Amino acid sequence: MSVDLQTVKRVAHLARIAVSEEDAERMTGELNAILGFVEQLNEVDVSGVEPMTSVTPMEMKKRQDVVTDGSKATDIVANAPATDENFFLVPKVVE
Amino acid sequence: MSDLTHLTISQARAKLRGKEITAAEITEAYLSAIERANPVLNAYVTVTEDKARDMAKASDAKLAKGEGGALEGIPLGIKDLFGTEGVHTQACSHVLDGFRPRYESTVTTNLWADGAVMLGKLNMDEFAMGSSNETSYYGPVINPWRRSRLDTVVMPTTHQGDGGFVSAGGTRTARTLDNAQLVPGGSSGGSASAVSAFLCAGATATDTGGSIRQPAAFTGTVGIKPTYGRCSRWGIVAFASSLDQAGPIARDVRDAAILLKSMASVDPKDTTSVDRPVPDYEAAIGKPIKGMKVGIPKEYRVDGMPEDIEALWQKGIAWLKDAGAEIVDISLPHTKYALPAYYIVAPAEASSNLARYDGVRYGLRVPGKDIIDMYEKTRAAGFGREVKRRIMIGTYVLSAGYYDAYYLQAQKVRTLIKRDFENVFAAGVDVILTPATPSAAFGVADEDMASDPVKMYLNDIFTVTVNMAGLPGIAVPAGLDAKGLPLGLQLIGRPFDEETLFQTAHVIEQAAGTFQPEKWW
């Protein structure tokens, strides 16, 4: 499988990365080289093989459903580019 | 003072405990070495002098009372991927501009609890994506090793010294260093360069496809990627969560064992951290390997591999045989599919993990006409080319209609790769010996690598299988090539059997010796 310019632009939008016409053209070539490289996986017979979900066979750890952390709103917003009274500020999303 | 930087961790530990030296002295020695070398090598992206001095002072107070921890007063460098409270933590990306976490990663918390001193944050490939440390927003790291040429010069027999030696016939051989700058490998290039150039006693690193072992091999240092689940991933910037593991880069096998003992822990904050006590890895060093079964996988003999590497592999086999190990030929038939499967699984996980960098909660924000425009502009300006490439691949293989063909297929192949190893271990093999990399360190701005991303990816051909199967792997320096550059061998072990890796790597180290670059910086 290979990708064309339109697909690259669509994927870039899905990934929320702005691309120029020139970027998209360069990426088309690069992505096709990588997709060409991974194509060889199709030769592998995987019938009856389970997809891997965890490298170490282990039971999912669970913990008591109690509050162990919190009350640190100022820490959470400390690194944000724009805040107001412990809220993250973003451009208007609802008219 | 500068010779204090040449002590291994075990030597420095003994001198600190014996009060022959102080933590303040060794810390000052490293800080001045960094000040001189860093403008050339670019291994550190930030140096935390004040913090280092404060920590050293606290260590000296503890050592004076005989209360020092396992790493009391030992100065370390920390890869920029580890969250360090109040200190530069950007995964060497522009998108995390100015990020100073309000928390400390579990691995670094463990190190400080054992008394280690933080010298600063080390350069790396952006988000740990790269094999040459050239994708860093902070520029490439330079390898302290350079190529050299052996010259034979006829000398009057009275003249000796300056690095050469006098032979019986009155001729002198001398290595002439080439000026070309080489990469230290990646993604933990800053860690490897700093350890090799004596800019820290040891360093933390991380490995998703080979990012500890490949740079260790390129710089003549020892690097171990432990079993998945051995070190907590909490507080480490995520790249590919099912593959990422932290581990140390050190100057010898014993130092790597000392560091891993402190870094590893059982951590309730990471659900993939495994509930097993951390053994005393150092105790495994020096144990005989007589009767141990060492597997040699035929699939690791690849086309175009330099003769030097094949010869080194044979040497490694001979050393282990001489030490009483039994050598057996083995087959890991799905080896060639590990790298293509990795380039689906890792970008898929990365595209999901890196979705959080949106200009809202931390780091860079580029204003836009609406929120989507702000996201797109922020991410376009904040991520470098390699990171964008991987996010794009990941987004594509996970997008509707392609998931089964790519991601599901790759995860099935991954099961087969792991099964190959399980079969070999079930047949009684204790450890597997392979080369660590398909070449020695290459030049900065190598044109072949720059023009073809897949060529760069091939650097991880021998290391990536280990991540795909979640196994432990160690790279240990084993010799120099014809151009005087270090080459490494890799040992792969059973899950959570890091002890066998240290034990066997030490046998290789005893036979091969340790390697130091000639100082030019």
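## Chain B and its contacts with chain A

Across the interface of chain B and chain A there are 4 salt bridges. The model is a predicted one, and it is worth keeping that in mind while walking through the details below.

**The interface**

Let us begin with the overall numbers. On the chain B side, 66 residues are in contact with 49 residues of chain A. Together the two chains bury about 5,200 Å², with 70% of that area on carbon and sulfur atoms. Three residues of chain B, Glu376(B), Met392(B) and Tyr396(B), supply 13% of the area that chain B buries against chain A, more than any other three residues.

Polar contacts also link the two chains: the count is 16 residue pairs, both members at pLDDT 80 or more. Which elements of chain B give two or more residues to the side that touches chain A? They are helices H9 (338-353), H10 (371-382), H11 (385-398), H12 (404-426), H14 (453-457) and H15 (464-469) of chain B. H12(B) gives the most, with 13 residues. Sorted by class, this side of chain B has 34 nonpolar, 13 polar and 19 charged residues.

**Salt bridges, between chains and within chain B**

Over all chains, the count comes to 24 salt bridges. Three of them are set out here, with the closest N to O distance for each pair.

| Pair | N to O distance |
|---|---|
| Glu43(A) and Lys336(B) | 3.7 Å |
| Lys121(B) and Asp80(B) | 3.7 Å |
| Lys418(B) and Glu422(B) | 3.1 Å |

Take the pair that crosses between chains, in which Glu43(A) forms a salt bridge with Lys336(B) at 3.7 Å. Glu43(A) sits in the loop between helix H2 (21-38) and helix H3 (73-77) of chain A, while Lys336(B) sits in the loop between strand S11 (326-330) and H9 of chain B. Both Glu43(A) and Lys336(B) are exposed.

The salt bridge of Lys121(B) with Asp80(B), at 3.7 Å, links distant parts of the chain, with the two positions 41 residues apart in sequence numbering. Lys121(B) belongs to strand S3 (residues 117-122) of chain B, and Asp80(B) to the loop between strand S2 (75-79) and helix H4 (106-113) of chain B. Are these two partners buried or exposed? Lys121(B) has a relative accessible area of 0% and is therefore buried. Asp80(B) is also at 0% relative accessibility, so Asp80(B) counts as buried.

The third pair has a helical setting. Lys418(B) and Glu422(B) are 4 residues apart in helix H12 of chain B, so about one helical turn separates them. Lys418(B) counts as buried because its relative accessibility of 14% is under the 20% limit. Glu422(B), by contrast, has a relative accessible area of 41% and is partly exposed. Elsewhere, salt bridges that share partners join residues of both chains into one network: Asp23(A), Arg26(A), Glu30(A), Glu386(B), Arg389(B) and Arg390(B).

**Inside chain B**

The domain assignment of chain B gives domain 1 (2-142 + 188-282), domain 2 (148-177) and domain 3 (286-340 + 405-512). The C-alpha centres of domain 2 and domain 3 of chain B lie 36 Å apart.

Helix H5 (residues 189-196) of chain B is mostly covered, with 8 of its 8 residues buried. Among them are Gly189(B), Ser191(B), Ala194(B) and Val195(B). After H5(B) comes Phe198(B), which has a positive phi, near 65°.

Gln214(B) lies in helix H6 (residues 213-219) of chain B. How accessible is Gln214(B)? Its relative accessibility is 0%, so Gln214(B) counts as buried. Its side chain reaches the backbone nitrogen of Gly186(B) at 2.8 Å. Leaving aside residues up to four places away in sequence, Gln214(B) touches Ser131(B), Gly185(B), Gly186(B), Thr437(B), Asn459(B) and Asp460(B).

Gly291(B) offers a contrasting view, in the loop between helix H7 (253-263) and strand S10 (293-297) of chain B. With a relative accessible area of 55%, Gly291(B) is exposed because that value is over 50%. Beyond residues up to four places away in sequence, Gly291(B) touches Gly324(B) and Ala325(B). Gly291(B) and Ala325(B) are 34 residues apart along the chain, yet their C-alpha atoms are separated by 5.0 Å.

Methods:
Residues are numbered from 1 along each chain as its sequence is written. Chains are lettered from A and ligands numbered from 1 in the order in which they are written. Side-chain values use heavy atoms; hydrogens and water are left out. Buried means under 20% relative accessible area, exposed over 50%, partly exposed in between (1.4 Å probe, protein chains only). Contact means heavy atoms within 4.5 Å. Domain bounds come from an automatic or database domain assignment. A polar contact is a pair of N or O atoms within 3.5 Å; within protein, one must be able to donate a hydrogen and the other to accept it, and residues adjacent in sequence count only if both atoms are side-chain atoms. Buried area is the accessible area (1.4 Å probe) that two parts lose on being put together, summed over both. A salt bridge is a side-chain nitrogen of Lys or Arg within 4 Å of a carboxyl oxygen of Asp or Glu. Ala, Val, Leu, Ile, Met, Phe, Trp, Tyr, Cys and Pro count as nonpolar, Asp, Glu, Lys and Arg as charged, and the others, Gly among them, as polar.
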